[in-house]
Amino acid sequence: MAYNFPEEEQKILKFWEENKIFEKLRQKNAKSKKRWSFLDGPITANNPMGVHHAWGRTYKDLLQRYHAMKGFDERYQNGFDCQGLWVEVEVEKELGFKTKKDIDAYGIDKFVEKCKERVRKYSAIQTAQSIRLGQWMDWENSYYTMSDENNYAIWHFLKKCWELGYLYKGRDSVPWCPRCGTAISQHEILTEEYKEITHDSIYFRLKIKEKDEYLLVWTTTPWTLPANIAVAVDAKLDYVLVKDKDGYKNWVAKDLIDKIFKGGHEVLKGVKGKSLVGLKYSFAFDGLPKVKELLGKDKMFHTVVATDDRIMPINIEEGTGLVHTAVSAGSEDFKLGKKLGLPLIEVIDEEATYLDGLGDFSGKNAKKHPEIILDYLAKNKEYVFKIEKYKHRYPTCWRCKTELVWRVVDEWYISMDKLRKPLEDIVKKINWIPSFGRERELDWIKNMHDWLISKKRYWGLALPIFECKECGNFEVIGSKEELKKRAVEGWDKFDGRSPHRPWVDEVKIKCKKCKAIVSRIKDVGNPWLDAGIVPFSTIKYFSDKSYWKKWFPAQVVCESFPGQFKNWFYSLLVMSAVLEDAEPINTIFGYASVVDEKGEEMHKSKGNAIWFDEAVEKVGADPMRWLYMKANSAENMRFGYTLIEESKRKLLVLYNVYSFFETYVKKEDFPKNLKIKTKPARNASPARQPDGSHGGGHSDAGGNILDKWIISKINHLVSVIEFNLEKYEVARAVSEIEDFFINDLSLWYTRRSRKRFHPLTGSGHSDSDESSDSKRQADRKEAIETLYFVLLGIAKIIAPIIPFFAEKMYQGLKLKDMPESIHLCDWMEPGSNADLDLEHKMDEVRKVVALALSERAAKSIKVRQPLASLKIKDQKSKIKGDEELLNLIKDEVNVEEIIFDGKIKKDVELDVNITKELREKGVVREVIRCIQGMRKELGLKPQDVVAVHFSDTGDLKEVITKNEEFILKEIRAQKYFGQGPQVPLVDYEFEVDGKSIKVVIYYSK
Ligand SMILES: [Zn+2]
Ligand SMILES: [Zn+2]
């Protein structure tokens, strides 16, 4: 049966909205003493939501809905991440800007407003998309990291860091994006930010003073050569002097000779690296004014130095074993320089353009024109040994993908040394899913540098640092009130504005030390500060501590983990460590990334990206949600239309069971005051049906074994689901549910029970046996009760996962005094009526059936052809002697008898000898099947009464006549008497057992 997911979902969305179902749910749980605190990791409100966001949002929704059904009070607060480079870069693109100068010319105020505008636009779009996904959140109450509240909360945090002595200004060589014009912190350079890039690498010579010898050095960043200060060697390593084919004598590491020289060379002598230390050299750039300045002035300039292995280990895999050390243009270089007291030469500005004082290079861009250095060197053969293409992994800007450079700049840091230990303790208190998260986070905390928190940008947290230009003193302001108190000018220009640039920069304070007027530093904050503060800023840490205590720490956060160990998870931990020395969350539940069906990353440019809006309208939210929730959260998730179609087909199996019920059972027959007996009586003798079948094992005493079994199964299922959801094993829970409704409910229970649901009315049999009819009536009632109970149960179980589909089922099952929505129902409590013994026996029944049916298939005997017997080998079988269970096998395998026989060779064996009597039974079954098929084709409903007339039975006359009454009863048809209000519907011929039969079907009014 067809179910149009997108269309039904639209109707249900409308139903939820018009009837305020979510509001009613919140009211229902508002007084609950149980609280479940979820903390939403803010989504960047910068673009429409992608299918990867929808994965995480489905987890979030599932967990919240599940806990709501269990009666927990929840906050349902969604978050939007608003500030930072990601938004700035998009606005720059929108405005066609190339560099920061364009922003200054445009006006920072107008630019910041544009950024806010973009956030408002995309947060509205993402809200609408999330609603379409079925996510329930208190959308009116979403938090925005750009809010005053959030920004001032970070001020408070930074002030505390300053008071504790953690905040400092540092001068360092840092990774720098020349397009964005800002430092990129170590935290932001993730493995995926490294790209395979081919650069020109150069082996160049440095002439040793007063000798006819050279240092042969290799670099992959020739643009840094004017910044060369020293050459580092490993004091313990063997170096050799090699005469190359051009006659130059070069010092290189002994182990690298073969890699560097390709023949025609001669090794002259060898020494340990320490013998080279102290040698002075000259270089090609010594004539540039900035370089000249240092010559003679600094004793360490252009000297061979011994490296420190812990700072800059020298490898003998590539290069020459002598390392170009440009103190200003590399973080290891900088550190080594600091240790050895080396000077530095700054060579590029914030756009990577060569600074003044560098001769012809000044004003030219180092990254855009790397050839200018190479061309310059190539003019003199003495300098260049060789230039080679070199492919390596090189870091790029996470936002704009520009290759990074290294610059020495003043930036602001939070010192990590004192925080490492408390952070480790907090990490250990948190439950990490997947469990490797714990080790990754600990590893990061052990190795991370101090946290670089400043950015030379516009749209972001205004770092509340006021640094005195006169005396160098700096202060951190911790709140708006404090700023107002300290303000000596500009408050009027700022008042009423958000604490952003440029408005907040109007406010000046007075230096506590020298009384000079002090401005805020121009920098904005690292955006992870914005998201890290939310366990405080969004839960009223400052305005209502008792409320905050109720909700802190959160039970769980649920985010895509790639990247977050260094970013959000990290910033949450740091801020919580400083403010409360406590874990902000009990569980960090991370999930991986979404990839396409082939396992490849989705990219607009690759053409394999799928847009959320397109997918949800094409296939519906529920099939997507089902696919998401069945994925292993620890691994990359494959997403695509083939897979969604598969998930849709699975859901339709459940829908078909539901619609079978709806077709055969009228609403007035739904059980009222449904009470499923916990332990129905068993061991009753089964009643035989006229055709010798057992009607699905119905017993007179009530308590059909299939009913008992499926009820046991669903009770058992609920416990399994709860167990897995408590552990965030969502995929396992969902797979169990799917297995239940496909294999247990559809393929076994419903299929084996179909007949029990057929209406009894209108059979019109003259000799209808009243007591048999009332038995069937009772059995039907029981079957209806059972399936109703199971369908209602499954609707509850799937409600948190596929809320639309569950609602659809529920609305069809709902009776007057039941809650108006499935989402206002309580979770299905696992009953005490799980019967493991029965479940195991049923497993065995199904195993035997599967073996017997494959035996039939192997011998090409149709299941409709009854056979005399099935032998089962296992003498210890638990089902031996259990008539009800054996009857299920007889019916399913279509055999007359089951014999336990330890002597047979295989586990089961079929008697395949078809006697005349058996063949006759087969014919009768086939006739029934054909007429039923025609009934269906004519579009008749089960309750429609027809009359059937066998107009020509040919060779099968004897069989038909003998069994006519039985056949008519089975197909719920009257006999045709050639009179009365019977309208012929169809007159047709079909073949059974190679012989033809003609039949007329009449409609009985
Ligand atoms: Zn950039
Ligand atoms: Zn001062």
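**Zinc sites and local features of the predicted model**

Cysteine 397 is buried, because its relative accessibility is 0%. In this predicted model, Cys397 is one of the residues that bind the zinc ion (ligand 1). The sulfur atoms (SG) of Cys177, Cys180, Cys397 and Cys400 coordinate this ion at 2.2 to 2.4 Å. The angles among the four donor atoms run from 105 to 114°, and the site of the zinc ion (ligand 1) is tetrahedral. For comparison, the ideal angle for four tetrahedral donors is 109.5 degrees. Along the chain, the donors of the zinc ion (ligand 1) follow the spacing C-x2-C-x216-C-x2-C.

The zinc ion (ligand 2) is held by the SG atoms of Cys468, Cys471, Cys511 and Cys514, at 2.2 to 2.3 Å. The arrangement around the zinc ion (ligand 2) is tetrahedral because its four donor atoms subtend angles of 101 to 119°, and the criterion requires all angles to lie between 85 and 135 degrees. The donor residues of this ion are spaced C-x2-C-x39-C-x2-C in sequence. Cysteine 468 has a relative accessible area of 3% and is therefore buried. Cysteine 471, in contrast, is partly exposed, with a relative accessible area of 39%; the partly exposed class lies between the limits of 20% and 50%.

The chain as a whole contains 30 helices and 36 strands. Its radius of gyration is 39 Å, whereas a compact globule of 1005 residues would have a value near 30 Å. The C-alpha trace spans about 125 × 75 × 50 Å along its principal axes. Of the 1005 residues, 58% are buried. Among contacts with a separation of 6 or more, 77% are between residues 24 or more positions apart. The chain exposes about 43,200 Å², and carbon and sulfur atoms supply 49% of this area.

Helix 21 (residues 621-630) is largely enclosed by the rest of the structure, because nine of its ten residues are buried. The buried residues of helix 21 are Ala621, Asp622, Pro623, Met624, Arg625, Trp626, Leu627, Tyr628 and Met629.

Lysine 508 belongs to strand 23. With a relative accessible area of 17%, lysine 508 is buried, since the class requires a value under 20%. Two polar contacts of the lysine 508 side chain are described here. The side chain places a polar atom 3.2 Å from the backbone oxygen of aspartate 505, and a polar contact of 3.1 Å links the side chain of lysine 508 to that of serine 519. Apart from neighbours within four places in sequence, lysine 508 is in contact with Arg486, Ala487, Val488, Glu489, Ile517, Val518 and Ser519. The C-alpha atoms of lysine 508 and tyrosine 194 are separated by 42 Å, the two residues being 314 residues apart along the chain.

Asparagine 365 occupies the loop between helix 10 (331-340) and helix 11 (371-378). Its relative accessibility is 9%, so asparagine 365 counts as buried. The side chain of asparagine 365 reaches the backbone nitrogen of lysine 368 at 3.0 Å. When residues up to four places away in sequence are not counted, asparagine 365 touches Glu351, Ala352 and Thr353.

Backbone geometry was also examined. Most residues other than glycine have a negative phi, and most peptide bonds are trans. The peptide bond from isoleucine 433 to proline 434 is cis, with omega near -5°. Proline 434 lies in the loop between strand 17 (431-433) and helix 13 (436-447). The bond from arginine 501 to proline 502 is likewise cis, with omega near 0°; proline 502 is placed in the loop between helix 15 (491-494) and strand 23 (508-510).

Tyrosine 728 has a positive phi, near 65°. This tyrosine is located in the loop between helix 23 (705-726) and helix 24 (730-753), and tyrosine 728 counts as buried because its relative accessibility is 8%. Asparagine 894 also has a positive phi, near 60°. The loop that holds asparagine 894 runs between helix 28 (883-893) and strand 31 (895-900). At 5% relative accessibility, asparagine 894 is therefore buried.

Definitions and conventions: Residues numbered from 1 in each chain as written. Chains lettered and ligands numbered in written order. Predicted model: local features only at pLDDT ≥ 70, side-chain atom pairs only at ≥ 80, totals over all residues. Heavy atoms only, no water. Donors = N, O, S within 2.8 Å, 3.2 Å for Na, K, Ca; no water. Tetrahedral: all angles 85-135°; square planar, octahedral: opposite > 155°, others 65-115°. Buried < 20%, exposed > 50% of the residue type's maximum accessible area, 1.4 Å probe, protein only. Helix = DSSP H or I, 4+ residues; strand = E, 2+ residues; numbered from the N terminus. Rg over C-alpha atoms; globule rule 2.2 N^0.38 Å. Contact = heavy atoms within 4.5 Å. Areas by Shrake-Rupley, 256 points an atom, 1.4 Å probe, with all protein chains shown as cover. Polar contact = N/O pair within 3.5 Å; in protein donor to acceptor, adjacent residues only side chain to side chain.
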